[in-house]
Amino acid sequence: MGGLIYRNFYTNISSFRLSVIVSAICCASFVFYSFTIRSDAENQSYLLYIIAFLLYYFCFMLSGLTSTMVFQTDENKTASAFAISLPHGGKGHIQSKYWYLLIILLTTLFITFISDTISFLILGGKFSALLVLLLLFSGRLLMFAIEIPFMVRFGAMKGIKIKGIIVSVILLLVITYLMFGDISWLLYSDDPAKALINWLKNGDIIFALSLLPPFSIFAYWLSCKISVKLFREGAENYEQ
Amino acid sequence: MSNEKRLTIKRLAIFLVISFLPFVILIPLLWNVYGEPLYAGENEQLAAIAYVVGVFGMMIPAAAVLITRLATKEEFEKSYLGAYFKGKSGYWAASVIVPVLESITGLLMIWAFFISGTSLHDAYPNINPQTIGEFILQLSSSVIIFFPAFGEEWGWRGYMMPKLLKLMPKTAAIVVGGIIWGLWHAPLTVAGHNFGTDYPGYPFTGIGIMCLECVLMNCFLTLVTEKTRSIYPAAFFHMIHNNLNPTILILVFASADTIQRINEMSLPEKLLTTSGGTIVTAVISFILFLRMDKPQKSA
């Protein structure tokens, strides 16, 4: 298995490098921003949450893009036939890709965690985005869990389209809620960012959010099992 | 003494010096600069520094492993960095479930033995969706953001313990390994970590208790590491143990009155109740570890 994971790194080294470099730049930007507002951190904590979320989201989004590449590189009959002929078979081939993506995400998480720890020190312990990191990581893991079986079965390009449909549906639900749901807490607030964070700290919301990390880990594991089953069917449709 | 044994001792010595040195230098230095102990001071800035020293300090043993392996040209082939699940999933699950059970046992023992005349609900009234959500988030965070504990575990269980097991019998290795691990915490203990600075016999009692605690924890951690040939279950256990120990859970779930009564408990009472689960886990793990086949001489 180690060899297959190494192969994924070898064939996708440029996207891995890009992901690490961009994460490092985003994190350095956040550390620099923390440094500039360190004397007024208490009053700006809501703004800090928003900026941390945006920068860290960008890190995880970019590392997520590599998923397309890792599947696209092996999307032909020769590569899939070679993978099936290996001692680990198609199962090992797919599992190695899941491990690769998990390692990529953990690398991003590590970089952002270090950045958060340094910012915590700079801001005198007044701000930590650890919860944001946890939720971003879990969210990205869940997205992988949903999109990969489609990529394996229908190919990377069709997989992206299906992911696009899923994201659109989620956005539509959010917009529908914003249009018809009870958002008085947001509408009558002087500071929407502050209102949003207070809403997230509400007991029921915290409980629902807390289920996301364990659920995403389970979904990722289940997705791997499904993808292994779908791999042979998908490989038959690959072009030569 | 064979060449191999001599080389193992040399590598172990280099690893320990690199692991111990940063805290031995940094902690007194910070105490000198801020004029108060790192973990028992009033200064707000110091509290932030204490957290960061904790996070990066836990990564020192991992850095020591890297430096030692590179300096002594030791291969990375058997470095416990792989993840093997086949037939070992029980140990992986135990590394998450056991520390949670230990913490809950601690809360129940405090209630049963020291908060007499109060119902469980009155002692811990803050059990609601919000606190349960916070508990699950903290648990998830400990498993997912496991990097600091990985730093320690890769050093202690992934490098030191296999070397000690090569040099001495299992029982001695567990005890010696635990004591070394406890002594590594000594600068932090002197600076008020875990026990503060206001207790009888400061700081030697604290250092002694820390060593004892580390010997107990070493039983389970070494067992899961050797069984799974992987460092991650130990890292999960360690991180959950640090983030969700009974002392922290009390602050989340207990009433103000319960917290007041717990604060009035003596140090031995607190230790016995909060460490009750750890002792049971240690005994079971130790027996299982002794029954286990002798570990491969991999280090």
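This is a short walk through a predicted model with a chain A and a chain B.

Let me start with confidence. The model scores ipTM 0.90 and pTM 0.91. For chain B, the mean pLDDT is 91. In that chain, 98% of the residues reach 70 or more. Where in chain B is confidence lowest, and where is it highest? The low end is helix α14, residues 267-274, with a mean of 81. The high end is α8(B), at 96. Keep α8(B) in mind, please. We will come back to that helix.

Now chain A. What is its secondary structure made of? Eleven helices and zero strands. Read along the sequence, the pattern is α-α-α-α-α-α-α-α-α-α-α. Put a box around the C-alpha atoms of chain A, along the principal axes, and the box comes to roughly 60 × 40 × 25 Å. Chain A has 240 residues, and 34% of them count as buried. Next, the contacts inside chain A. Take those between residues at least 6 apart in sequence. Of these, 82% join residues at least 24 apart.

On to the place where the chains meet. How many residues does each chain bring to the contact? Chain A brings 23 residues and chain B brings 22. On the side of chain A that touches chain B, four helices each supply at least two residues: α5 (89-122), α6 (130-154), α10 (203-210) and α11 (212-237). By class, that side of chain A has 16 nonpolar residues, six polar and one charged.

From here on, I stay in chain B. Two helix pairs are worth a look.

A word on the terms. Two packed helices are described by the angle between their axes and by the distance between the axes.

The first pair is α7(B), residues 147-167, and α8(B), residues 170-184. Their axes come within 9 Å and cross at roughly 140°. Are they oblique or roughly antiparallel? An angle has to be over 145 degrees to count as roughly antiparallel. So α7(B) and α8(B) are oblique to each other. The crossing of α7(B) past α8(B) is right-handed. Which residues make this contact? From α7(B), we have W156(B), M160(B), M161(B), L164(B) and L165(B). From α8(B), we have K170(B), A173(B), V176(B), G177(B), I180(B) and W181(B). Sorted by class, this contact has nine nonpolar residues, one polar and one charged.

The second pair is α10(B) with α11(B), residues 232-243. Here the axes are 8 Å apart, at an angle of about 155°. That is over the 145-degree cut-off, so α10(B) and α11(B) are roughly antiparallel to each other. On the α10(B) side, the contact residues are F220(B), L221(B), V224(B), T225(B) and T228(B). On the α11(B) side, they are P233(B), A234(B), F237(B) and H238(B). This contact has six nonpolar residues, three polar and no charged.

Stay with α10(B) for a moment. This helix covers residues 204-228, and I209(B) lies in it. Is I209(B) buried or exposed? I209(B) has 20 C-beta neighbours inside 10 Å, so it counts as buried. Now compare positions. I209(B) and I127(B) are 82 residues apart along the chain. Their C-alpha atoms are separated by 31 Å.

Next, the backbone in some loops.

In the loop between α9 (186-190) and α10 of chain B sits P203(B). A cis peptide bond joins Y202(B) and P203(B), with omega about 0°.

After α10(B) comes R229(B), in the loop between α10 and α11 of chain B. R229(B) is not a glycine, yet its phi is positive, about 55°. R229(B) is partly exposed, because 16 other C-beta atoms lie within 10 Å.

Y80(B) also has a positive phi, about 65°, and is not a glycine. Where is Y80(B) found? In the loop between α3 (60-71) and α4 (89-114) of chain B. Y80(B) is buried, because 23 other C-beta atoms lie within 10 Å.

L81(B) lies in the loop between α3 and α4 as well. L81(B) has 15 C-beta neighbours inside 10 Å, so it counts as partly exposed. L81(B) and S142(B) are 61 residues apart in sequence. In space, C-alpha to C-alpha, they are 19 Å apart.

That is the tour. Thank you.

How values were computed. Residues are numbered from 1 along each chain as its sequence is written. Chains are lettered from A and ligands numbered from 1 in the order in which they are written. This is a predicted model: local features need pLDDT of at least 70, side-chain atom pairs count only at pLDDT 80 or more; totals for chains, interfaces and linings use all residues. Two residues are in contact if their C-beta atoms, placed from the backbone, lie within 7 Å. Ala, Val, Leu, Ile, Met, Phe, Trp, Tyr, Cys and Pro count as nonpolar, Asp, Glu, Lys and Arg as charged, and the others, Gly among them, as polar. Axes are lines fitted to C-alpha atoms, for helices over the stretch in contact, and angles run from 0 to 180 degrees between N-to-C directions. Angles under 35 degrees count as roughly parallel, over 145 as roughly antiparallel, 65 to 115 as roughly perpendicular and the rest as oblique. A crossing is left-handed if the near helix is turned anticlockwise from the far one by less than a right angle, and right-handed if clockwise. pLDDT is the predictor's confidence in each residue, from 0 to 100. A residue is buried if 20 or more other C-beta atoms lie within 10 Å of its own, exposed if 12 or fewer, and partly exposed in between; C-beta atoms are placed from the backbone.
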